[in-house]
Amino acid sequence: MEQILSLRNVGFRYDGRWTLKGIDLDIHRGEILGILGPNGSGKSTLLRLMDGLLVPKEGEVRFRDRPLASRKRKGLAKEVAFVAQENAFRFTFSVLEVVLMGRAPHLGRLQFEGKRDIDIALHSLETMNALDLEDRSIHELSGGEKQRVLIARALAQEPQVLILDEPTSFLDIKFKREIFELLSSLNRRDGLTIVVVSHDIDLAAHYCQRLMMLKDGSLFTTGTPEAIITAANVESVYDCPVVIDRNPATGSPRVNIIGKER
Ligand code: ADP
Ligand code: MG
């Protein structure tokens with residue numbers, strides 16, 4: 001299987017103690033990899049390292065066969081797109097303006113967007129079922145609409161790898177499902193490689209071909225959803241009692257939290 005991104009013994013610390021340590025991970029071309037782990041386990045830091053926003057203090061991240069560190073930011077943004085968790089806009093941009101920002105890596109210095117860039121932005125919106133939002137202000141969108149627009153902006157970069165940090169966290173169940181369905185069809189239709197951090201374990205188990213679990217900044221385990229979504233793994237990583245069974249409609253692993261007696 002071809003590796004598109006690979007992390008070799010990656011360690012990172014902001015100031016004091018190590019946030020990530022000894023991470024060895026290959027992202028395979030064409031897969032959807034889900035990253036699970038409790039709050040503070042280092043998931044967002046790991047994504048920033050994959051996108052080249054942070055540089056490892058130890059080890060190396062490679063895109064195909066070249067170290068990320070040797071790549072210019074703008075060149076890399078044509079290959080890897082990152083949808084961060086926090087996205088505040090200081091000015092009142094229209095949806096189309098926000099999606100056009102995704103074209104920046106393809107433009108020369110001081111060059112304005114042309115017809116081709118606008119076509120790509122509109123196509124990205126269409127892919128995300130968001131073409132009708134084109135003229136709206138980014139500030140007036142619902143959570144589900146905004147998330148689709150932010151993914152459209154990332155698609156406008158025409159990346160090989162799409163990285164998303166908790167894209168479903170603030171959405172209701174209908175929109176959580178919609179986001180995962182859209183990611184899944186991008187993966188199937190275009191072969192887009194996707195790395196997604198999520199606390200929606202059941203949805204991640206259903207839509208990702210492979211999962212990894214992070215605990216205290218180390219890779220706890222990685223494998224197919226069926227193999228690694230076990231009560232022992234989930235309880236150990238999240239420190240929460242659970243029973244695992246199968247979703248009766250889909251057969252995918254399902255996590256049931258064991259509440260205290262009522
Ligand atoms: P997760 O996304 O799994 O919740 P993060 O990668 O955001 O975890 O954070 C992992 C650890 O790194 C936490 O202890 C957090 O406080 C710390 N951390 C995150 N960002 C910074 C930062 N900019 N400066 C210092 N420490 C940080
Ligand atoms: Mg995070």
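This short talk walks through one predicted model, from its ligand site to its sheets and a few individual residues.

Good morning, colleagues. As the model is predicted, local features are discussed only where pLDDT is at least 70.

I begin with ligand 1. Which residues are around ligand 1? The shell consists of Y14, R17 and T19, together with P38, N39, G40, S41, G42, K43, S44 and T45. By class, that shell comprises two nonpolar, seven polar and two charged residues.

Three polar contacts deserve individual mention. On the side-chain side, a polar atom of K43 is 2.7 Å from an oxygen atom of ligand 1. The backbone also takes part: a polar backbone atom of G40 lies 2.7 Å from a ligand 1 oxygen, and a backbone N or O atom of S41 is 3.2 Å from an oxygen of ligand 1. How much of the ligand does the protein cover? Taken on its own, ligand 1 has 560 Å² of accessible area, and the protein covers 60% of that area.

I turn next to strand β3, residues 32–36. Is this strand buried or exposed? Five of its five residues are buried, so β3 is mostly covered, given that buried means under 20% relative accessible area. In a regular strand, side chains alternate between the two faces of the sheet. For β3, one side carries I32, G34 and L36, the other carries L33 and I35, and all of these are buried. Both faces of the strand are therefore covered, with buried again meaning under 20% relative accessible area.

What are the pairing partners of β3? One is strand β8, residues 193–197, which pairs with β3 in the parallel sense over four bridges. In that pairing, I32 stands opposite I194 of β8. Another is strand β9, residues 210–215, which also runs parallel to β3 and is joined to β3 by four bridges. There, L36 stands opposite M213 of β9.

A further sheet has another arrangement. In what order do its four strands lie? The order is β2-β1-β4-β5, the sheet is open, and the pairing is antiparallel. Its edge strands are β2, residues 20–28, and β5, residues 66–67, each of which pairs on one side only. Strand β1 is joined to β2 by six bridges, and the two run antiparallel. Within this pair, Q3 stands opposite H28 of β2.

Strand β1, residues 3–12, also contains N9. The backbone of N9 has a positive phi, near 50°, although the residue is not glycine. N9 counts as partly exposed because its relative accessibility is 42%, between the 20% and 50% limits. A second positive phi outside glycine occurs at D239, with a value near 55°. D239 is located in the loop between α9, residues 231–238, and β11, residues 242–246. Why does D239 count as exposed? Its relative accessibility is 71%, and exposed means over 50%.

I now consider three pairs of residues that are separated along the chain. The C-alpha atoms of S218 and K21 are 5.7 Å apart, while 197 residues separate them in sequence. S218 belongs to strand β10, residues 218–223, and is partly exposed at 31% relative accessible area.

In the second pair, T92 and S137 are 45 residues apart along the chain, with their C-alpha atoms separated by 6.2 Å. T92 sits in the loop between β6, residues 80–83, and α3, residues 95–100. At 61% relative accessibility, T92 counts as exposed.

The third pair is I120 and Q157, 37 residues apart in sequence, with a C-alpha to C-alpha separation of 9.0 Å. I120 lies in helix α4, residues 115–127. Its relative accessibility is 12%, so I120 counts as buried.

I close with the cysteines. How many disulfides does the structure hold? The number is zero. C208 is buried at a relative accessible area of 5%, whereas C240 is partly exposed at 26%.

To recapitulate: G40, S41 and K43 each place a polar atom within 3.5 Å of a ligand 1 oxygen. Strand β3 is paired in parallel with β8 and with β9. The four-stranded open sheet is antiparallel, in the order β2-β1-β4-β5. Thank you for your attention.

Terms used
Residues are numbered from 1 along each chain as its sequence is written. Chains are lettered from A and ligands numbered from 1 in the order in which they are written. This is a predicted model: local features need pLDDT of at least 70, side-chain atom pairs count only at pLDDT 80 or more; totals for chains, interfaces and linings use all residues. Side-chain values use heavy atoms; hydrogens and water are left out. A disulfide is a pair of cysteine sulfur atoms within 2.5 Å. Buried means under 20% relative accessible area, exposed over 50%, partly exposed in between (1.4 Å probe, protein chains only). A residue is near a molecule or strand if one of its heavy atoms lies within 4 Å of it. A polar contact is a pair of N or O atoms within 3.5 Å; within protein, one must be able to donate a hydrogen and the other to accept it, and residues adjacent in sequence count only if both atoms are side-chain atoms. Accessible areas come from the Shrake-Rupley method with a 1.4 Å probe; for residues, only the protein chains shown count as cover. Ala, Val, Leu, Ile, Met, Phe, Trp, Tyr, Cys and Pro count as nonpolar, Asp, Glu, Lys and Arg as charged, and the others, Gly among them, as polar. Two strands pair if DSSP finds at least two bridges between them.
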